[in-house]
Amino acid sequence: MGEKIILYGSDISQPTRSVRIFCELSNIPYALNEINFLAGENFRPEFTKINPNQEVPAITHGDYHLWESSAIVIYLANAFNIDNNWYPKDIKIRGRIDAYLIWHNVNIRPPISIYYRRKYVFPKFYGKPELNPQQESELMKEVSKSLSSIEWILKENSFIARTLSITIADVFLYSELATALIFLKNYDQYPHLKAWFNIVSQVPEVKKANSFILNSLKINPKI
């Protein structure tokens with residue numbers, strides 16, 4: 001299963017960045033097929049055949065298609081026989097990583113992604129109306145609730161999946177929080193989260209993949 005995968009996505013997409021980082025950390029051969037979803041390329045028939053949900057990231061591996069970033073990482077780990085600290089074969093550690101990825105997609109990604117899209121992306125690129133003050137306040141409450149949950153976990157654990165070393169779970173969270181800096185500016189209110197963020201930012205592959213967002217904000221990876 002050593003055949004190169006094709007990764008369809010965009011560096012604007014937090015999940016795309018996470019999958020890309022996993023490939024680089026695990027020496028998985030891949031080629032990025034840039035999908036400009038701001039120009040609607042994700043709605044084209046040829047991409048819809050790959051992912052009927054018309055979202056990024058997605059992959060092709062030979063004649064096999066797969067979407068959803070967490071599922072992609074798990075598939076790649078099995079297809080390429082990955083056993084490293086990012087996604088070790090120890091089933092108990094994998095269980096904790098998988099549990100976090102599921103929790104992340106329900107509790108962390110939605111409020112941050114929804115706020116980011118509705119506040120910045122939709123009005124600027126799709127002509128959608130801007131958030132009114134009440135909508136913005138309600139969404140920010142959800143974001144704050146998510147960040148408080150992360151702070152609580154990191155107060156008792158060095159890494160987000162409650163593991164002894166850094167894993168792909170930390171990469172998923174970092175990519176999300178790098179984007180959230182667009183509207184949060186810093187994490188001073190969350191000291192354990194802030195310390196964790198600065199540790200993860202020192203991983204070269206993480207820094208490289210997220211430089212697009214951080215440079216656009218003129219933010220030093222250490223906050």
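**Close-ups of a predicted model**

**View 1. α5 and α7 sit oblique to each other.** This is a predicted model, and the first close-up is about how two of its helices pack. The angle between α5 and α7 is about 40 degrees, and their axes lie 10 Å apart. Angles under 35 degrees would count as roughly parallel and those from 65 to 115 as roughly perpendicular, so the pair ends up being called oblique. As for handedness, α5 and α7 make a left-handed crossing. To find the two helices in the sequence, look for residues 109-126 for α5 and 168-184 for α7.

**View 2. The largest pocket lies between the two domains.** Domain 1 (5-80) and domain 2 (91-219) both give residues to the pocket's lining, which is why it lies between them. Its volume is about 630 Å³. There are 24 lining residues in total, and the ones nearest the centre are Glu55, Val56, Arg109, Ser113 and Arg117.

**View 3. Who builds the wall of the largest pocket, and what is it made of?** The biggest contributor is α5, which hands over 7 residues. Helix α1 also pitches in, as α1 and α5 each supply at least two residues of the lining. Sorted by class, this wall has 11 nonpolar, 9 polar and 4 charged residues.

**View 4. The model also holds 1 cavity of 30 Å³ or more.** The largest cavity has a volume of about 30 Å³. Around it you'll find Gln14, Pro15, Ser18, Ser69, His104, Asn105, Arg109, Phe172 and Glu176. Keep an eye on Arg109: this residue lines the cavity and is also one of those nearest the centre of the largest pocket.

**View 5. Three helices each give two or more residues to the cavity lining.** They are α1 (14-25), α4 (91-107) and α7 (168-184). Which helix gives the largest share? That's α1, with 3 residues. The α7 helix turns up here as well as in View 1, where it packs with α5.

**View 6. Both domains take part in lining the cavity, too.** At least three lining residues come from each of domain 1 (5-80) and domain 2 (91-219). By class, the tally for the cavity lining is 2 nonpolar, 5 polar and 2 charged residues. For the largest pocket, the matching tally is 11 nonpolar, 9 polar and 4 charged.

Technical notes
Residues are numbered from 1 along each chain as its sequence is written. This is a predicted model: local features need pLDDT of at least 70, side-chain atom pairs count only at pLDDT 80 or more; totals for chains, interfaces and linings use all residues. Side-chain values use heavy atoms; hydrogens and water are left out. On a 1 Å grid over the protein atoms alone, a cavity is a set of points where a 1.4 Å probe fits but cannot get out, and a pocket is an open set with protein on both sides within 12 Å along at least five of seven lines; lining residues have an atom within 4 Å of a point. Grid points are joined across faces, edges and corners, and a volume is the space filled by probe spheres set on the points. Helices (H or I, at least four residues) and strands (E, at least two) are DSSP runs, numbered from the N terminus. Ala, Val, Leu, Ile, Met, Phe, Trp, Tyr, Cys and Pro count as nonpolar, Asp, Glu, Lys and Arg as charged, and the others, Gly among them, as polar. Domain bounds come from an automatic or database domain assignment. Axes are lines fitted to C-alpha atoms, for helices over the stretch in contact, and angles run from 0 to 180 degrees between N-to-C directions. Angles under 35 degrees count as roughly parallel, over 145 as roughly antiparallel, 65 to 115 as roughly perpendicular and the rest as oblique. A crossing is left-handed if the near helix is turned anticlockwise from the far one by less than a right angle, and right-handed if clockwise.
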